Amino acid sequence: MRKSKAPAQGPGKGRLRLQVPEPSARPGQKTDFSFLKLSKAGEVPRPAIDCAYEETIALKNGLIRVLDENHQAQGPWDPKASVEELRRGLRLMMLTRAFDARMVISQRQKKTSFYMQSLGEEAIGVGQAMSLNQDDMCFTSYRQQNILLTRGMPMVQMMNQIYSNTADPVKGRQLPVMYSAKEYGFFSISGNLGTQYVQAVGWAMASAIKHDSRIATAWIGDGATAEADFYTALVFAQVYNAPVIMNVVNNQWAISTFQAIAGGSTATFAARGTGMGIASLRVDGNDFLAVLAASRWAAERARGNHGPTLIEWVSYRAGPHSTSDDPSKYRPADDWQRFPLGDPIVRLSRHLMGLGAWSEAEHEAVQAEVEAEVLAAQKEAEGYGTLISGPQRSAADMFDDVYEQMPPHLIAQRQQLGV
């Protein structure tokens, strides 16, 4: 039997190789953050609200920044926000961080099974929520609890859902951080990442069909942009000119994989929007003023029937992915301290100090104030029970409010439980 010969290799040809993206550092090393493609504050131009998407193509590799290294506002994206707005934004970011810290402690004390904090990303949700109308609908992922805090949802109600206690409005049927609050324009969070993107576009399309004035916002992380739902949403948003803001929070890490695994090393996530014919911005997510400016631009664009906007927020997940994660296993421990875009709370506080509208003493006082508010809310919420103590939900909750007419096999199961 004749053996077949291997195909001859032509000039310059060799074996194929598969590219497997890797971060620039692993534990024990120092990250080289040159991959971030940073711009100077005030350097990126600001297109007109009604611009064609082509006018944003040049922005896909730039980074919209307002605060410079001295924490002063620069350039065309300066939102000219009032001192009162900036002070409110800073306080809400501090409240979010205090809330998160307390809930992480609660999880460690086994009062709840799971928690996800937004450490280092507080400016993004707060800034956008302050740029929207109260009745606009937000379709978020699991790290935008600051939107609920900004919209005024009582912390006790949020904690009731985290504890899955007797006052939990969703009766313990959701993972602790999967909030659902229709009255605050907050669509139920889904653990199947990506679904919220198509839901947001569909809701925005329905709003336009009804000639309403409300817009939608969609939220996704860098890792979940690899889901098919992300691209489906982009197609429908572009084709039907849906009034929606499509947020991509690029915090550098998914559960344990670097953002390059989702394609962030060869192109920016903002480039995916322009590639689909959608106006797209790439923004410093740790610069509260830049967040306000970009969010207002996108909201006005959507409300004026000028089309959807995709915004890539460049930030850093400072803490673990969740309380079930140990980031020291896959990334350098000091990454956040060395991240070039800094801490959003520190940056805004320094800006306000430069305006003479904040001080170290006031910062300490507000910090103590928000921590006391969180502690008081926690004490009240725990009165309705936690995972390990206090009043407990009845097993009957599994059967109620599911079927209009309960099927016979569930009736039998309920009878067996004696509830």
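According to an unreviewed UniProt entry, residues 16–52 carry the annotation "domain: 2-oxoisovalerate dehydrogenase E1 alpha subunit N-terminal". In this predicted model, residues 16–52 are 0% helix and 0% strand, and the C-alpha atoms at the two ends of the span are 40 Å apart. A second annotation from an unreviewed UniProt entry, "domain: Dehydrogenase E1 component", covers residues 91–385. For residues 91–385, the share of helix is 43% and that of strand 9%, while the end C-alpha atoms lie 29 Å apart.

With the two annotated spans in place, the empty spaces of the model can be examined. Rolling a probe the size of a water molecule over the atoms shows where empty space is left. How many cavities of 30 Å³ or more does the model hold? The count comes to 3.

The largest cavity has a volume of about 70 Å³. Its lining brings together Phe35, Leu36 and Lys37 with Asn250, Gln259, Gly264, Ala267, Thr268, Phe269, Arg282 and Glu312. Sorted by class, this lining of the largest cavity holds 4 nonpolar, 4 polar and 3 charged residues.

The second largest cavity encloses about 50 Å³ of space. Around the second largest cavity are Pro23, Ser24, Ala25, Thr31, Phe33 and Phe35, together with Trp253, Phe258, Tyr316 and Asp335. What classes of residue make up this lining of the second largest cavity? There are 7 nonpolar residues, 2 polar ones and 1 charged one. Phe35 is worth finding in the structure, as it appears in the lining of the largest cavity and also in that of the second largest.

Pockets, which are open, come next. The largest pocket has a volume of about 310 Å³. Its lining consists of 23 residues, and those nearest the centre of the largest pocket are Tyr142, Gly221, Gly223, Ala224 and Ala254. The lining of the largest pocket divides into 12 nonpolar, 8 polar and 3 charged residues.

Finally, the surface itself deserves a look. Which residues make a nonpolar surface patch of about 380 Å²? The patch is formed by Val235, Phe236, Val239 and Tyr240. To place this patch on the chain, Tyr240 is a handy guide: Tyr240 sits in the loop that runs between helix 6 (228–239) and strand 3 (244–250).

Technical notes: Residues numbered from 1 in each chain as written. Predicted model: local features only at pLDDT ≥ 70, side-chain atom pairs only at ≥ 80, totals over all residues. Heavy atoms only, no water. UniProt positions renumbered as here; feature names shortened; annotations may be inferred. Helix = DSSP H or I, 4+ residues; strand = E, 2+ residues; numbered from the N terminus. 1 Å grid on protein atoms, 1.4 Å probe; cavity = no way out; pocket = protein on both sides within 12 Å on 5 of 7 lines; lining within 4 Å. Points joined across faces, edges and corners; volume = space filled by probe spheres on them. Nonpolar A, V, L, I, M, F, W, Y, C, P; charged D, E, K, R; others polar. Patch = residues over 30% accessible without salt bridge, like charges linked within 9 Å, V, L, I, M, F, W, Y side chains within 5 Å. Areas by Shrake-Rupley, 256 points an atom, 1.4 Å probe, with all protein chains shown as cover. Salt bridge = Lys/Arg side-chain N within 4 Å of Asp/Glu carboxyl O.
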